[in-house]
Amino acid sequence: MNPALREVLAAQGVHTLIAQFTDLHGVAKGKFVPLAHLDSLLAEGAGFSGPSIAGTGLPRMGPRSEYYGRGDPATALALPWMPGYARIVCDGFVDGRPFDACPRQVLRRQIERLAAQGLATQIGIEPEFFLLRRTADGSLAPADAQDRLDKPSYDLKSLPRQRAFVDELVAGLAGCGLDVLQVDHEDAHGQYEINVRHADALASADRLMLFKLAAQAIAERHGLVFSMMPRPFADQPGSGMHFHVSLGQDGRAIDASRMRHFVGGVLRHSGALAAIAAPTVNSYKRLVVFESISGTSWAPAYVAHGPNNRTCLVRTLPDRFEWRLPDASANPYLAAAAMIAAGLDGIERALDPGPGCTDDLFELPLAEIRRRGIALLPQSLDAAIDALEADEVVRGALGETLGAEFIAAKRAEWTAYARHVSDWELQRYGTLF
């Protein structure tokens with residue numbers, strides 16, 4: 001079916017394909033497929049037990065119990081950090097049809113809605129992450145024990161000490177055709193960010209998953225722990241995964257009023273979007289205003305937009321905006337799909353985002369925030385799931401199956417967290433009464 005692709009991969013030394021898809025939680029899943037079976041992977045797909053994959057809701061028997069990951073040939077890439085292997089991104093199919101609860105299919109549906117209005121979007125995703133190490137007692141600490149500055153952003157002492165990891169990561173991504181723009185030390189100890197040039201929404205999500213595969217494998221090889229936990233340390237900022245979003249029509253940026261309405265939709269649906277873009281219990285320890293070692297959290301807590309204002313949920317820039325809500329644990333396909341659905345609702349209903357904010361929202365008293373009518377993001381996963389359940393637009397973007405599976409999984413996560421007795425509770429209450 002695709003002898004040219006097989007020959008290209010074979011010439012690059014590839015003998016095995018990694019048929020990779022993404023589950024509900026944004027975790028890469030898949031299996032190894034010998035290159036000789038490329039045609040089958042592209043035509044029928046690699047088979048998986050459906051109920052073994054988080055978020056499918058598939059039965060244990062019958063034709064709908066089988067999940068097939070059908071390879072997208074445009075995504076086939078030899079992996080420099082795994083000689084002999086190439087990744088192919090798979091779309092989910094069940095019973096011969098596109099599977100509605102496959103996150104990549106969810107995003108495809110929203111891209112099609114954009115296209116029906118003559119629109120297209122480009123997204124640049126900026127992942128922040130931690131490089132950690134296991135200590136003698138099994139806990140996690142920053143990989144660089146000398147990384148101790150009060151303001152560690154852009155630290156050119158710690159960053160070079162991680163250059164073996166960074167150099168291999170950048171070379172690996174570049175070898176896959178990604179244009180790496182920059183790498184820097186972020187605002188927490190052991191925290192870094194990598195920027196890759198923007199692309200269409202589907203390609204950007206695919207690239208984010210490729211970055212995760214590369215970073216995890218390379219960190220492990222260097223004896224490090226790669227973490228996209230939103231906020232691993234209580235006194236330091238957490239990891240975001242900001243989306244830089246532009247919208248175009250006929251190859252040109254859309255007019256300012258439509259972009260403004262799109263932003264209005266993103267703001268209007270921010271409560272429900274939080275459940276998708278900040279999908280863990282730990283996410284809500286990032287989405288608060290607090291004093292960190294560096295002086296601020298850099299995470300949005302208030303539903304507002306403003307010109308080049310990093311204290312707002314949406315930072316507006318010429319011909320694009322930065323959506324600062326997503327954190328590093330978000331499923332990139334679902335976050336992008338939900339954001340597009342919210343923005344389209346804003347265009348369809350001509351939603352006004354309100355005046356742009358030019359103040360430092362981290363400095364304003366809460367009473368002033370309330371006086372201005374600026375809403376607060378959900379402050380827990382439980383509250384965010386409540387907002388998602390009540391939001392027909394965002395829940396509808398996920399689809400009936402995945403929406404129900406997502407809500408059930410996150411309700412269970414919240415319940416498990418609420419029932420857990422932490423060391424903090426024992427220390428505070430154990431002998432108090």
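This note goes through the pockets, cavities, salt bridges and one surface patch of a predicted model.

1. The largest pocket. The place to begin is the largest pocket, which has a volume of about 720 Å³. Its lining is made up of 36 residues. Those that lie nearest the centre are Glu126, Glu193, His244, Arg315 and Glu322. Sorted by class, the lining holds 14 polar, 13 charged and nine nonpolar residues.

2. Strands around the largest pocket. Several strands each supply at least two residues of this lining: E8 (119–134), E10 (180–185), E11 (191–196), E14 (241–249) and E19 (320–323). Strand E8 has the largest share, with six residues. A reader tracing the wall of the largest pocket can therefore start from E8, a run of residues that counts as a strand by DSSP.

3. The second largest pocket. The second largest pocket has a volume of about 330 Å³. It is lined by 17 residues, and Val303, Pro353, Gly354, Pro355 and Ile374 are the closest to its centre. Here helix H7 (residues 256–268) gives the most to the lining, with three residues. The classes divide into eight nonpolar, six polar and three charged residues.

4. The largest cavity. How many cavities of 30 Å³ or more does a search of the whole structure find? The search finds three. The largest cavity has a volume of about 120 Å³. Among the residues that line the largest cavity are Ile123, Ile125, Leu173, Ile194, Arg197, Ser204, Arg207 and Phe211. Strands E8 and E11 and helix H6 (201–221) are the elements that give two or more residues to this lining. Helix H6 gives the most, with four residues. By class, nine residues of the lining are nonpolar, one is polar and two are charged. Strands E8 and E11 also each supply at least two residues to the lining of the largest pocket.

5. The second largest cavity. The second largest cavity has a volume of about 60 Å³. Its lining consists of 14 residues, and Ile53, Ala54, Thr56, Ala101 and Pro103 lie nearest its centre. Ten residues of this lining are nonpolar, three are polar and one is charged.

6. A salt bridge between two helices. The count for the model comes to 22 salt bridges. One of them joins the side chains of Asp206 and Arg104, at 2.7 Å from N to O. Asp206 lies in helix H6 and Arg104 in helix H3 (residues 103–116), so the pair ties together parts that are 102 residues apart in sequence. Are these two residues buried or exposed? Asp206 is buried, because its relative accessible area is 6%, and Arg104 also counts as buried, at 3% relative accessibility.

7. A salt-bridge network. The pair in the previous point does not stand alone: Asp206 and Arg104 are linked with Asp72, Asp91 and Arg108 in a network of salt bridges.

8. A salt bridge within helix H9. The side chains of Arg349 and Asp345 meet in a salt bridge of 2.9 Å, N to O. Arg349 and Asp345 are four residues apart in helix H9 (residues 332–349), so about one helical turn separates them. Which of the two is buried, and which is partly exposed? Asp345 counts as buried, at 9% relative accessibility, whereas Arg349 counts as partly exposed, at 46%.

9. A salt bridge within helix H10. Arg371 forms a salt bridge with Glu368, and their closest N and O atoms are 2.8 Å apart. Both residues lie in helix H10 (residues 366–371), with a spacing of three residues, or about one turn of the helix. Why does Arg371 count as exposed? Its relative accessibility is 62%, and exposed means over 50%.

10. A nonpolar surface patch. Trp424, Tyr429, Leu432 and Phe433 make a nonpolar patch of about 540 Å² on the surface. Tyr429 belongs to helix H14 (residues 423–429). This residue is partly exposed, because its relative accessible area is 37%, and a patch takes residues with over 30%.

Terms used
Residues numbered from 1 in each chain as written. Predicted model: local features only at pLDDT ≥ 70, side-chain atom pairs only at ≥ 80, totals over all residues. Heavy atoms only, no water. Patch = residues over 30% accessible without salt bridge, like charges linked within 9 Å, V, L, I, M, F, W, Y side chains within 5 Å. Areas by Shrake-Rupley, 256 points an atom, 1.4 Å probe, with all protein chains shown as cover. Salt bridge = Lys/Arg side-chain N within 4 Å of Asp/Glu carboxyl O. Buried < 20%, exposed > 50% of the residue type's maximum accessible area, 1.4 Å probe, protein only. 1 Å grid on protein atoms, 1.4 Å probe; cavity = no way out; pocket = protein on both sides within 12 Å on 5 of 7 lines; lining within 4 Å. Points joined across faces, edges and corners; volume = space filled by probe spheres on them. Nonpolar A, V, L, I, M, F, W, Y, C, P; charged D, E, K, R; others polar.
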